[in-house]
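I opened this notebook to record what surrounds the bound ligand and how the protein encloses it. The sequence and structure come first, and my entries follow.

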Amino acid sequence: MPSPPSPDGFRYLPDRLDAAAQQALLEAVQQVAAAAPFQRYVTPGRGRPFSIDMTNAGPLGWVSDRRGYRYSPVHPATGRPWPPIPATLLDLWAELAGWPQPPQCCLVNLYRGGGARLGLHRDEDEEAADAPILNVSLGDTAVFRLGGRQRSDPTRSFMVPSGTVMVFAGEARAAFHGVDRILPGSSTLLPEGGRLNLTLRRVTPGD
Ligand SMILES: O=C(O)CCC(=O)C(=O)O
Ligand SMILES: [Fe+2]
């Protein structure tokens with residue numbers, strides 16, 4: 001497997017979180033999921049289920065249903081606001097994002113089992129399209145794929161183990177990316193196995 005690519009604005013920080021920090025963050029995410037249960041969203045239009053479960057923390061959460069993708073201030077099933085973004089993630093953003101405003105969304109993706117993946121896409125539902133996205137991984141290693149601005153640009157895949165933080169800023173912010181698969185059993189962090197991915201996002205340009 002080749003080393004991670006290095007488009008402008010991309011940072012790959014393996015081992016950014018040590019074992020204790022990973023465990024503490026896992027517990028914070030478990031609290032988020034207790035307040036805002038994971039859901040299996042469906043795709044816009046055809047309503048095909050994703051292969052991963054999702055929830056959110058922060059003032060805005062990313063949701064998907066037959067009507068489309070959007071950011072919502074409330075959980076679609078409970079109707080309640082999303083729980084706050086864990087403080088350690090806000091600290092990580094302050095340290096690494098280089099952006100004056102705090103993130104408004106922490107999307108939590110749960111990959112479990114051999115079929116869990118995320119197809120090649122760009123993150124383009126954020127009005128604040130220039131703000132970086134910070135990506136944090138816990139649990140099983142992901143085979144991550146990163147390309148360029150066009151879907152047809154060449155892509156590279158590389159391993160993203162637990163404790164890795166990636167920053168998508170500048171050119172990399174607009175790059176196609178996805179998760180081909182996870183390597184089940186590659187980490188024992190999650191009691192039931194699998195991978196948690198957290199992405200911190202700025203959604204609106206204003207305050
Ligand atoms: O799981 C990952 O590392 C990628 C997640 C992602 O691209 C997204 O949530 O938009
Ligand atoms: Fe994405």
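The entries below go from the ligand's site to its polar contacts and then to the annotated domain.

Entry 1, the site. I kept in mind throughout that this is a predicted model. I looked up where ligand 1 sits and found it in the largest pocket. I then listed its neighbours: 14 residues surround ligand 1, and the closest are Asn 109, Tyr 111, His 177, Arg 195 and Arg 201.

Entry 2, the shell. I sorted the shell around ligand 1 by class and obtained 5 nonpolar, 6 polar and 3 charged residues. I also asked which element gives the largest share of this shell; the answer is E12, with 4 residues.

Entry 3, polar contacts. I went through the side chains that face oxygen atoms of ligand 1, and noted that a polar side-chain atom of Asn 109 lies 2.9 Å from one such oxygen, while for Asn 197 the corresponding distance is 3.1 Å. For Tyr 111, I noted 2.5 Å between an N or O atom of its side chain and an oxygen atom of the ligand. I then looked up the cover, and the protein takes up 96% of the 290 Å² of accessible area that ligand 1 has on its own.

Entry 4, the annotation. I checked the UniProt record, an unreviewed entry, which annotates residues 102-204 as "domain: Fe2OG dioxygenase". I computed that this span is 0% helix and 44% strand, and that its end C-alpha atoms lie 11 Å apart.

Conventions. Residues are numbered from 1 along each chain as its sequence is written. Chains are lettered from A and ligands numbered from 1 in the order in which they are written. This is a predicted model: local features need pLDDT of at least 70, side-chain atom pairs count only at pLDDT 80 or more; totals for chains, interfaces and linings use all residues. Side-chain values use heavy atoms; hydrogens and water are left out. A residue is near a molecule or strand if one of its heavy atoms lies within 4 Å of it. A polar contact is a pair of N or O atoms within 3.5 Å; within protein, one must be able to donate a hydrogen and the other to accept it, and residues adjacent in sequence count only if both atoms are side-chain atoms. Accessible areas come from the Shrake-Rupley method with a 1.4 Å probe; for residues, only the protein chains shown count as cover. On a 1 Å grid over the protein atoms alone, a cavity is a set of points where a 1.4 Å probe fits but cannot get out, and a pocket is an open set with protein on both sides within 12 Å along at least five of seven lines; lining residues have an atom within 4 Å of a point. A molecule sits in a cavity or pocket if more than half of its atoms lie within 2 Å of its grid points. Helices (H or I, at least four residues) and strands (E, at least two) are DSSP runs, numbered from the N terminus. Ala, Val, Leu, Ile, Met, Phe, Trp, Tyr, Cys and Pro count as nonpolar, Asp, Glu, Lys and Arg as charged, and the others, Gly among them, as polar. UniProt positions are given in the numbering used here, feature names are shortened, and annotations may be inferred rather than shown by experiment.
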